[in-house]
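Biologist: Could you take me on a close look at the place where the two chains meet? I'm a first-year student, so please explain the terms as you go.

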Amino acid sequence: MTAHAPNSFRTGPDEKGRFGTFGGRFVAETLMPLILELETAYNEAKQERSFKAEMENLWRNYVGRPSPLYFAPRLTEHLGGAKIYLKRDELNHTGAHKINNVLGQILLARRMGKTRIIAETGAGQHGVATATVCAKFGLKCVVYMGATDVERQKPNVFRMKLLGAEIVPVTSGRSTLKDAMNEALRDWVTNVEDTFYCIGTVAGPHPYPAMVRDFQSVIGWEAKGQMKHAEGRLPDVLVACIGGGSNAMGLFHPFLDDADVRIIGVEAGGKGVDTEEHAASLTGGRPGVLHGNRTYLLQDEDGQIKEAHSISAGLDYPGIGPEHSWLKDMERVEYVSVTDDEALKAFTLCCEMEGIIPALEPAHALAHVAKIAPEMEKDQILLLNMCGRGDKDIFTVAEALGTEI
Amino acid sequence: MSRIEKRFAALKDKNQAAFVSFTMAGDPNYDTSLDLMKALPKAGVDIIELGMPFTDPMADGPAIQLAGQRAIKGGQTLKKTLDMVTAFRKTDDETPIVLMGYYNPIFIHGVEDFIANAKAAGVDGLIVVDLPPEEDDELCVPARAAGLDFIRLATPTTDEKRLPKVLENTSGFVYYVSITGITGAATPDENAVGKAVAAIKEKTELPVAVGFGVSTPEQAAEIAKVADGVVVGSAIVRSMADALTVAGPPKKSFQKDVISAVKKLANATKRARK
Ligand SMILES: Cc1ncc(COP(=O)(O)O)c(C=O)c1O
């Protein structure tokens with residue numbers, strides 16, 4: 001389904017919140033007035049110098065931005081091909097890119113006079129970021145998390161509690177991220193007056209996919225400047241992992257119109273995309289409607305949504321942001337997948353070669369880098385989004401490696 | 001006149017509110033569900049709302065979520081739901097049937113095919129929770145062109161400014177959601193509901209039915225005084241869950257138990273204005 005290439009890949013969405021046929025506002029009437037209000041508030045805030053200034057101040061002094069661009073010499077040498085650079089968003093406060101977006105949304109919530117923040121979380125990174133910023137501003141915070149994920153991400157559950165958030169384990173459906181998002185939407189439908197829903201990725205109804213992308217684009221803009229400074233040119237290839245797609249979209253978006261930059265998104269292949277246990281919605285799914293937007297989804301012939309599987313709780317989602325679906329169909333971005341085992345190998349490789357313990361999510365991106373870097377020329381440049389650190393994953397990894405902690 | 005129009009007109013003559021039941025198609029299995037459906041009109045149900053099961057029902061509370069899961073587990077598909085309507089129509093050509101659900105199964109079935117198949121099966125109207133007026137081109141416009149009613153939800157968050165947009169492409173009746181929240185969760189405030197219904201009726205000739213939190217015969221009676229129809233879902237679905245054995249299959253008394261609960265609600269609705 002390749003349509004004619006547009007003049008720019010950076011102008012979406014249209015006024016209906018569509019990227020081509022993807023995106024939109026597929027929500028219950030109760031929520032419709034709320035997302036229209038949110039859209040208006042966001043459009044106003046975006047224009048205001050003071051909003052941007054407040055965000056930039058916090059990004060610098062609270063989050064620690066800009067995150068460094070780091071040349072990884074031993075990884076480069078080990079793989080024997082392209083020069084590998086890491087965009088180090090794992091150094092952010094709270095340990096992942098998630099806080100870039102949370103700060104933006106919470107500042108917006110404050111402008112809108114909302115006092116209660118709800119969020120869904122899978123790995124717990126978005127939940128921790130939300131709980132953190134809520135604590136900072138003295139806002140009430142309720143985090144929905146699948147009961148399965150509460151079990152496998154215990155350290156993050158405790159962190160959220162320390163930060164004063166209320167954690168609601170979700171047992172409806174099949175108790176993972178998808179169900180947590182359903183439950184958060186149900187909360188929002190119920191508490192329309194005071195509540196702001198802080199979505200953690202580039203999914204949900206319009207304006208969320210565009211808004212979250214805008215907040216995360218700080219990654220790509222910084223990287224662009226830093227790369228020019230380091231190498232005097234743009235990278236040849238960008239690689240990022242994809243759960244809902246926010247860290248990837250944040251890195252990719254500023255580069256979409258740079259035709260010479262090859263862009264690759266890496267989905268979680270779980271036990272293999274030819275099995276039933278994976279989370280690769282673009283590779284193994286087809287377009288459908290869930291959580292307020294049309295996008296590629298893992299589903300059966302009757303349109304029932306399937307459960308995703310990945311060793312990484314943060315990639316364990318049967319959908320993907322609608323803009324990625326569009327970029328796939330337009331063939332501007334390539335989407336590939338990496339299995340649990342490949343990600344685990346890349347995880348240890350990164351620890352040993354660079355002294356960086358990556359989160360399992362970017363370990364997927366690194367696994368793909370390990371496949372393509374050796375085939376590239378030594379003067380080519382590969383940029384990987386190191387979007388999270390692996391402290392939260394050590395128990396999962398220990399178990400997978402058969403080690404007891 | 002459509003079946004829905006006829007039914008509301010006849011009830012108006014009798015000064016009665018319509019009793020609208022919600023059950024999930026295929027809960028707990030196809031045969032039990034069809035048998036129950038066939039027994040509903042005699043129990044006093046004026047309009048049958050039939051749920052199309054979906055894995056991710058974002059506007060539904062636990063009772064209806066579980067009903068959907070039971071139906072999916074029992075092998076229900078969209079095609080089987082349409083088959084149920086076809087089978088029902090063999091013995092009843094008058095009771096209006098409204099399918100209620102979420103968009104994805106319809107989208108995957110194919111919108112054009114779905115409309116044609118639903119029409120052929122004898123479906124009268126559609127309620128699709130996650131299709132607001134902003135997405136009318138998806139299903140509402142083609143469904144109405146084919147002669148299916150598209151019944152829209154109006155909610156407490158639908159303000160005066162937005163109401164005309166909600167009513168614009170609505171037909172059959174308007175479904176007023178009496179609470180902000182999910183199905184079966186809270187109890188509606190009759191006073192507020194009365195005012196909201198009156199405000200909607202100022203802007204449309206269509207009948208207004210009220211649902212989402214109505215669970216007892218007393219509440220049904222109160223709503224029946226201020227609205228043209230009363231929708232009860234979770235309470236009926238809960239009575240179905242109670243009539244299942246621990247292992248899952250229905251008890252022998254399934255149909256009797258559920259119908260007795262339905263009758264109480266229907267009678268309260270019918271007697272309310274006397
Ligand atoms: C470190 C990290 N990377 C990636 C993701 C996946 O989200 P996204 O694809 O939106 O970046 C998560 C989600 O929890 C995460 O914690």
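**Where chain A meets chain B**

Modeller: Sure, let's start with the area buried between chain A and chain B, which is about 3,000 Å², with carbon and sulfur atoms giving 52% of that. Buried area here is the accessible area (1.4 Å probe) that two parts lose on being put together, summed over both. Keep in mind that this is a predicted model, where local features need pLDDT of at least 70 and side-chain atom pairs count only at pLDDT 80 or more, while totals for chains, interfaces and linings use all residues. As for bookkeeping, residues are numbered from 1 along each chain as its sequence is written, chains are lettered from A and ligands numbered from 1 in the order in which they are written, and side-chain values use heavy atoms, leaving out hydrogens and water.

Now for who touches whom: 39 residues of chain A are in contact with 37 residues of chain B, contact meaning heavy atoms within 4.5 Å. Across this interface the rule finds 6 salt bridges, each a side-chain nitrogen of Lys or Arg within 4 Å of a carboxyl oxygen of Asp or Glu. It also finds 20 residue pairs in polar contact, both residues at pLDDT 80 or more. A polar contact is a pair of N or O atoms within 3.5 Å; within protein, one must be able to donate a hydrogen and the other to accept it, and residues adjacent in sequence count only if both atoms are side-chain atoms.

Which parts of chain A do the touching? β2 (22-26), α1 (32-47), α8 (177-190), β11 (286-290) and β12 (292-297) of chain A each supply at least two residues of the side that touches chain B. Of the elements on that side, α8(A) gives the most, with 8 residues. These labels come from DSSP runs, numbered from the N terminus: helices are H or I with at least four residues, and strands are E with at least two. By type, the chain A side splits into 15 nonpolar, 10 polar and 14 charged residues. For that count, Ala, Val, Leu, Ile, Met, Phe, Trp, Tyr, Cys and Pro are nonpolar, Asp, Glu, Lys and Arg are charged, and the others, Gly among them, are polar.

Let's zoom in on B:Asp56, which sits in the loop between β2 (47-51) and α3 (62-73) of chain B. Is B:Asp56 buried or exposed? B:Asp56 is buried, because its relative accessible area is 2%, and buried means under 20%, exposed over 50%, partly exposed in between (1.4 Å probe, protein chains only). B:Asp56 has a salt bridge with A:Lys178, where the closest N and O atoms are 2.7 Å apart. The side chains of B:Asp56 and A:Asn182 are also joined, by a polar contact of 2.7 Å. Not counting residues up to four places away in sequence, B:Asp56 touches A:Lys178, A:Asp179, A:Asn182, A:Leu290 and A:Ile305.

One last stop, on backbone oddities. Most residues other than glycine have a negative phi, and most peptide bonds are trans. In chain A, though, a cis peptide bond joins A:Gly12 and A:Pro13, with omega about 0°, and the bond from A:Arg65 to A:Pro66 is cis too, with omega near -5°. A:Thr94 isn't a glycine, yet its phi is positive, near 75°.
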